[in-house]
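User: Please take a close look at one pocket in this model and walk me through the parts around it.

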Amino acid sequence: MSKILTNLSYLDPARPAPWSSFLEQIDRVAPHLGNLARWIETLKHPKRVLVVDVPIVRDDGSVAHFEGYRVQHNLSRGPGKGGVRFHPDVSLNEVMALAGWMTVKNAALGLPFGGAKGGVRIDPRTLSRGELERVTRRYTSEIGIVIGPDKDIPAPDVGSDQQIMAWMMDTYSVNVGHTASGVVTGKPVALGGSLGRQEATGRGVFIAAREAGVRSGIAVQGARVAVQGFGNVGSIAARIFAEHGARVVAIQDVGGSFFNPAGIDVPAAMAHTATQGSLAGFAGAGAIGADEFWRTECEFLVPAALEGQLTVPRAESLRTRIVVEGANGPTLPAADDVLRERGILLVPDVLANAGGVTVSYFEWVQDFSSFFWSEDEINARLETIMVKAFTAIWTLSAERQVSLRTAAFIIACQRVLAAREQRGLYP
Ligand code: NAD
């Protein structure tokens with residue numbers, strides 16, 4: 001089935017398909033799984049794929065149809081968990097890959113979730129607030145048959161935010177007849193959201209970078225950092241790096257690429273994107289070419305935009321010591337090999353950007369118990385879980401002489417496939 005979906009759904013054959021990258025990563029881990037490898041096909045087939053039509057009446061009275069998806073890649077270890085993407089390039093292929101990475105990420109961190117992801121192929125910037133609300137509510141109703149606090153719990157991703165989560169929670173709650181806070185995470189704090197959730201992914205990226213630096217003799221203090229993608233993940237990671245004495249020398253988003261060897265004033269860049277929508281016109285650094293960005297001399301490079309950004313030619317031209325994947329799937333498998341040959345350490349997405357889903361887990365737990373924790377407690381628990389996962393993955397990588405990505409996949413796939421085996425097949 002997955003082959004058919006892959007072939008039919010991937011609209012632009014010129015771009016490498018994210019699901020192919022995911023399948024290749026699974027193939028790479030198979031030889032390390034011992035007897036559990038007999039279950040490996042489980043991971044190559046999403047458990048459940050839902051494609052929905054999302055019609056709305058536009059502000060001008062016309063009717064528009066958008067395509068939406070919710071993919072539950074694997075539910076062996078618990079309910080589905082993963083974000084919802086609103087972006088014009090969203091495809092079923094992409095959502096399948098993103099759901100697969102969520103399965104691996106949740107298992108690698110030891111969170112009691114399976115992997116899921118959703119998306120709607122829209123450009124949210126071209127919709128009015130009312131249109132965006134109607135898309136969100138209709139999409140939520142359509143996927144309402146598969147989501148729920150103990151079934152599958154969406155969260156924000158590219159193009160979605162706290163407000164979208166509030167509308168999703170309200171729509172689902174109205175449909176089931178009672179307030180169901182735990183159906184989504186990443187909600188506003190007033191609606192049962194968690195303190196620290198909005199910053200959690202960027203904070204986790206920083207923790208992962210710091211741990212990789214400590215083990216590689218590279219201190220964050222005084223390090224040069226380049227960040228691609230200046231949204232929720234990239235901008236917060238950049239800000240926390242700067243707060244810890246690093247120099248953020250290059251940033252890039254859809255509006256352009258910017259370089260300042262003295263260090264970019266990150267809060268000023270964030271204030272610019274908040275009012276202007278992107279970095280275009282940012283005066284706090286010099287504009288550089290998009291390719292030049294990838295050649296920035298730095299200690300830490302954080303791709304935090306979309307998948308498939310680190311291609312082989314870019315990997316060959318990097319001048320960094322450590323790549324920390326804030327985005328999901330930013331590095332193509334062939335580029336992984338180039339980085340390894342060049343001695344550039346890569347901290348994989350399934351570890352580096354897991355801070356978001358970890359605090360989403362805390363939010364879900366808090367909603368169930370209706371007892372809310374302080375931000376200090378949340379950040380301390382995030383630190384504990386991230387460092388524990390990092391240490392286990394680092395140790396296995398050294399023992400088996402494999403990349404951190406393969407080590408993370410080994411730990412995760414062992415957990416998922418052991419659960420599969422213990423549960424057995426029905427009937
Ligand atoms: P966002 O929408 O807040 O920001 C995306 C950023 O990427 C924007 O700055 C945008 O301008 C930039 N961008 C998009 N296309 C680009 C391109 N071609 N070149 C350069 N920049 C480009 O999204 P986000 O929530 O920050 O997510 C970014 C990545 O992190 C995604 O891969 C997402 O799946 C992943 N992620 C997000 C979370 C989360 O909690 N939000 C958690 C884990 C992983």
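Analyst: Contact, or touching, here means heavy atoms within 4.5 Å. This is a predicted model, so local features need pLDDT of at least 70 and side-chain atom pairs count only at pLDDT 80 or more, while totals for chains, interfaces and linings use all residues. Residues are numbered from 1 along each chain as its sequence is written, and side-chain values use heavy atoms, leaving out hydrogens and water.

Let's go to the second largest pocket (an open set of points on a 1 Å grid, for a 1.4 Å probe, with protein on both sides within 12 Å along at least five of seven lines). Its space comes to about 530 Å³, counted as what probe spheres on the points fill. There are 26 residues in the lining (an atom within 4 Å of a point), and those nearest the centre are Arg340, Leu346, Val402, Ser403 and Leu404. Helix 2, helix 11 (333-341), strand 12 (345-347), helix 14 (375-400) and helix 15 (404-423) each give two or more residues to that lining. Helices and strands are DSSP runs (H or I of at least four residues, E of at least two), numbered from the N terminus. Helix 11 has the largest share of the lining, with five residues.

Staying with helix 11, pick out Val338, which sits in that helix. Val338 is buried (under 20% relative accessible area, 1.4 Å probe, protein chains only; exposed is over 50%), and its own value is 10%. Beyond residues up to four places away in sequence, Val338 touches Val312, Ala315 and Glu316. Thr311 is worth a glance too: Val338 and Thr311 are 27 residues apart in sequence, with 9.5 Å between their C-alpha atoms.

Now swing over to helix 14, where you'll find Ser397. With a relative accessible area of 13%, Ser397 is buried as well. Leaving out residues up to four places away in sequence, its contacts are Val402, Ser403, Leu404 and Ala407. Three of those names should ring a bell: Val402, Ser403 and Leu404 are among the residues nearest the pocket's centre.

Helix 14 has a loop before it and a loop after it, and each holds a backbone oddity. In the loop between helix 13 (355-369) and helix 14 sits Ser370, which has a positive phi of about 50° despite not being a glycine. Ser370 is exposed, at 58% relative accessible area. The loop between helix 14 and helix 15 holds Gln401, another non-glycine with a positive phi, near 55°. Gln401 counts as exposed too, with 61% relative accessibility.

Carry on past helix 15 and you reach the segment that holds Pro427. The peptide bond joining Tyr426 and Pro427 is cis, with omega about 5°.

Last stop among the contributors is helix 2 (residues 18-29). Its twelve residues reach 17 Å from first C-alpha to last, close to the 16 Å expected (1.5 Å times one less than the number of residues). Buried along helix 2 are Pro18, Trp19, Ser21, Phe22, Gln25, Ile26 and Val29. Down the helix axis these buried residues fall within an arc of 160° (taken from the directions to the C-beta atoms), so they line one face of helix 2. That fits the general picture: an α-helix has 3.6 residues a turn, so residues three or four places apart point the same way.
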